[in-house]
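Hi,

Here is the structure I promised to pass on. Have a look at it first, then read my notes underneath.

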Amino acid sequence: MNLPKLIVFGEALTDFIREDRQRWRSTPGGSCWNVARVGARLGVPTGFAGTVSHDTFGDELMQQSARAGLDMRFTRQVERAPFFAMVVSKHPPQYFFIGDNSADLAFDVKAMPSGWLEAARIVHFGSLSLVRQPLAAHLLEIAEAAHAAGKQISFDPNYRDLMAGPAYRNTLRRMAGLASYIKVSDEDLRGLFPELDEASALAQLREWAPAAAILVTRGAAGMQLFTAQEVLFQPAFAAEVVDTVGCGDACVGGWMASLLTRPDAPLASHLQFSAACAAVTCAQQGAYAPRSDDVTALLGSESPSIDFHH
């Protein structure tokens with residue numbers, strides 16, 4: 001069956017970005033879908049486990065998924081309304097979501113290829129899919145089953161206003177406890193733990209996830225990887241910032257791709273590769289999914305050649 005090593009569960013949607021008072025531009029998006037595309041474009045066999053609408057918006061998501069090299073057995077089209085993110089302003093970011101009973105909520109794990117769990121090595125969860133019911137409850141069950149089967153869980157909360165409140169706090173705690181890898185930005189920490197300063201927020205996350213590697217990203221100020229044993233710092237690569245959309249997704253997708261393709265590489269090397277993926281993405285318009293040659297070109301002489309088709 002040749003099933004993927006990386007499975008990403010969650011939402012794919014269409015971003016409507018307000019260009020000016022008269023015009024809106026639509027583009028395929030969604031944090032989890034972006035992470036999946038990054039994995040596939042970096043040469044890792046990847047499945048995006050989600051559902052999209054059976055219309056022009058869903059068709060475009062399917063076309064872009066196939067173009068990225070995703071395993072199309074994991075993504076279904078269903079007869080439901082599309083899921084939209086209305087981006088009213090990019091600076092500062094302001095948006096709202098339209099998606100009552102939309103396609104993303106119709107996900108059915110029974111429609112996935114048999115044997116997927118045995119084949120998977122890392123299973124990723126995050127973002128809006130963990131706060132939209134009934135999808136969130138199903139995904140928590142899948143995460144618990146994957147964890148029980150000995151799979152490594154990757155988790156990127158990707159804070160949105162929908163996550164404010166006690167219901168999501170419980171989900172956050174459960175997912176953190178299952179995760180081997182957690183990626184959060186400094187902005188995520190402020191949103192997820194508004195009552196705490198950053199150090200206390202990180203300490204709370206560590207208490208819930210004592211064994212996880214926690215990657216904290218701080219934009220141009222670089223990133224830190226906290227493991228149970230050590231803390232590593234990786235400065236941001238010098239890059240002309242065109243658009244920060246998708247940078248966090250490129251960062252976590254690159255991290256997972258590096259872990260899967262170079263399991264014996266040192267932590268610092270995975271961290272460097274993750275930072276390079278984010279830098280490549282922020283130098284492009286939109287949520288660009290970097291290719292391995294984009295990343296190795298940026299790394300240049302700073303890193304040995306990386307074979308991502310190993």
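Below is what I found, taken one part at a time.

Before anything else, keep in mind that this is a predicted model.

**The sheet**

Let's start with the strands. There is an open sheet of four strands, in the order S3-S2-S6-S7, and its pairing is mixed. If that word is new to you: strands of a sheet pair through backbone hydrogen bonds, and they can do so either parallel or antiparallel. At the edges sit S3 (24-29) and S7 (93-98), each of which pairs on one side only. From one strand to the next, the twist averages 25 degrees.

To see one pairing up close, go to S2 and S6 (residues 84-90): the two run parallel and are joined by four bridges. One residue pair to click on is Thr 14 with its bridge partner in S6, Phe 84.

**Asp 15**

While you are in that area, look at Asp 15, which lies in strand S2 (residues 13-18). Which side chain of opposite charge is nearest to Asp 15? That would be Arg 160, but it is 7.9 Å away, and Asp 15 has no salt bridge even though it is buried. A salt bridge would need a side-chain nitrogen and a carboxyl oxygen within 4 Å. As for what Asp 15 does touch, leaving aside neighbours within four places in sequence, its contacts include Arg 25, Ser 26, Thr 27 and Gly 29. Gly 30, Ala 85 and Val 87 are also among them.

**Helix H1**

Next, find helix H1, residues 31-41. Of its 11 residues, 10 are buried, so the helix is largely enclosed by the rest of the structure. Among the buried ones are Trp 33, Val 35 and Val 38, and also Asn 34 and Arg 37. Just after H1 comes Gly 43, with a positive phi of about 90 degrees.

**The cysteines**

How many disulfides does the structure hold? Zero. Take Cys 251 as an example: its nearest cysteine sulfur belongs to Cys 277 and is 8.2 Å away, and Cys 251 is in no disulfide. The same goes the other way round, since Cys 277 is in no disulfide and has the sulfur of Cys 251 as its nearest, at 8.2 Å. For a disulfide, the two sulfur atoms would have to be within 2.5 Å. Are these two cysteines buried or exposed? Cys 251 is buried, with a relative accessible area of 2%, and Cys 277 is buried too, at 0%.

Happy exploring!

Technical notes
Residues are numbered from 1 along each chain as its sequence is written. This is a predicted model: local features need pLDDT of at least 70, side-chain atom pairs count only at pLDDT 80 or more; totals for chains, interfaces and linings use all residues. Side-chain values use heavy atoms; hydrogens and water are left out. Buried means under 20% relative accessible area, exposed over 50%, partly exposed in between (1.4 Å probe, protein chains only). Lys and Arg count as positive and Asp and Glu as negative; His and the chain ends are not counted. Contact means heavy atoms within 4.5 Å. Two strands pair if DSSP finds at least two bridges between them. Axes are lines fitted to C-alpha atoms, for helices over the stretch in contact, and angles run from 0 to 180 degrees between N-to-C directions.
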